[in-house]
Amino acid sequence: MKKNISFVLALMMLSAMLIGCTPQKQPTNTGAPSSSPLSSPTVAPSAAPSVEPSVDPSASAAPKSPLEAVIDDIVKKAGESLDGTVTAPVTVENAQDLTGLTAEQFTENIKEAINVQAMININAHLIVLLEAGSPEKAESAAKLIAGGFNTRRWVCVTPEKCAVITGGNYVLLVASNALTTDKLVNAFIVFAGDKAGQPDFFFENKAE
């Protein structure tokens, strides 16, 4: 009896040893993402960087007046430049100095005017564009300018040549060196077209 019990116990121990030594079957990979902390985390695509629109510095500049646009066009047609000059309005207070028109004459004939001068007064260079109330008033103003403009307003220097010309309601006064004066007058004639009058070269420096 004892032998039978011992034999049964021996069989049971042997079976337990065999079961413990059998390799465990690895689980089948189902393709599900691993939750292991060593697995690479899923990274969401980053949003594309926003691009700020480029800003044109000139876009914020004040728009030019119609008279300034005309001056720019005439100077460009003449092949000249506005570098080294300053543009400002002609008013009742400075009209006589800049054009030879008295305050009364300016008020009676002119609606608006601007002038372009050299920044440094050692150069006698002046462009004045005036808009009159009518072509007749433009003609009247041009004659008054030719007779009243002070060619010695620069004190130390004088322009080589001065001219005044009309085109419709516009009047152009130029006092500068001879070449620049001629070029600007010719450019104004192109600008004014068939409305251009005859230029009056009312001053020319004959100094030797």
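Contact here means heavy atoms within 4.5 Å. The model is predicted: local features need pLDDT of at least 70, side-chain atom pairs count only at pLDDT 80 or more, and totals for chains, interfaces and linings use all residues. Residues are numbered from 1 along each chain as its sequence is written, and side-chain values use heavy atoms, with hydrogens and water left out.

**Exercise 1. Place N123 and find its partners beyond four places in sequence.**

Step 1. N123 sits in the loop between β2 and β3. Helices (H or I, at least four residues) and strands (E, at least two) are DSSP runs, numbered from the N terminus.

Step 2. Leaving aside neighbours within four places in sequence, N123 is in contact with A118, W154 and V157.

Step 3. Take the C-alpha atoms of N123 and T158. They are separated by 8.4 Å, and the two residues are 35 residues apart along the chain.

Step 4. N123 has 44% relative accessibility, so it counts as partly exposed. The classes are: buried, under 20% relative accessible area; exposed, over 50%; partly exposed, in between (1.4 Å probe, protein chains only).

**Exercise 2. Describe the overall build of the protein.**

Step 1. Count the elements: six helices and six strands.

Step 2. Read their order from the N terminus: α-α-β-α-α-β-β-α-β-β-α-β.

Step 3. Look at burial. The protein has 208 residues, and 31% of them count as buried.

Step 4. Look at the surface. About 14100 Å² is exposed, and carbon and sulfur atoms supply 58% of it. Accessible areas come from the Shrake-Rupley method with a 1.4 Å probe; for residues, only the protein chains shown count as cover.

Step 5. Look at sequence range. Of the contacts with a separation of 6 or more, 64% are between residues 24 or more positions apart.

**Exercise 3. Which residues have the most contacts inside the largest nonpolar core, and which elements build it?**

Step 1. A nonpolar core is a set of buried Ala, Val, Leu, Ile, Met, Phe, Trp, Tyr and Cys residues joined through side-chain atoms within 4.5 Å. In soluble globular proteins, nonpolar side chains tend to be buried together.

Step 2. The largest nonpolar core has 24 residues, and F106, I110, L130, I145 and F149 have the most contacts inside it.

Step 3. Two or more residues each come from α3 (95–99), β2 (110–118), β3 (126–132), α5 (135–148), β4 (161–167) and β5 (170–176). The top contributor is α5, with five residues.

Step 4. Zoom in on F149. Not counting residues up to four places away in sequence, F149 touches D97, L98, T99, G100, L126, W154, C162, L173, A175 and F202.

Step 5. A second, separate core has 19 residues, including V70, A78, L172 and A187.

**Exercise 4. Check the length of α5, then find its buried and exposed sides.**

Step 1. At 1.5 Å a residue, the 14 residues of α5 should span 20 Å. The expected span is 1.5 Å times one less than the number of residues. The end C-alpha atoms of α5 are 20 Å apart, which agrees.

Step 2. The buried residues here are A138, A141, A142, I145 and A146. They cover an arc of only 135° around the axis, so they lie on the same side of α5. The arc is that of the directions from the helix axis to the C-beta atoms.

Step 3. Turn to the face away from the buried side of α5. Exposed residues E136, K143 and G147 are found there.

**Exercise 5. Repeat the analysis for α2 (residues 66–77).**

Step 1. The twelve residues of α2 should span 16 Å at 1.5 Å a residue; the end C-alpha atoms are 17 Å apart, which agrees.

Step 2. Buried in α2 are L67, V70, I71, I74 and V75. Their arc around the axis is only 130°, so they fall on the same side of α2.

Step 3. The cover over these buried residues includes β2, β3, β5 and α6.

Step 4. The face of α2 turned away from the buried side carries exposed P66 and K76.

**Exercise 6. Is T181 buried or exposed, and what surrounds it?**

Step 1. T181 lies in helix α6 (residues 178–192). T181 is buried, with a relative accessible area of 0%.

Step 2. Leaving aside neighbours within four places in sequence, T181 is in contact with K161, C162, A163, V174, A175, S176 and F201.

Step 3. A polar atom of the T181 side chain lies 3.1 Å from the backbone oxygen of K161.

Technical notes: Polar contact = N/O pair within 3.5 Å; in protein donor to acceptor, adjacent residues only side chain to side chain.
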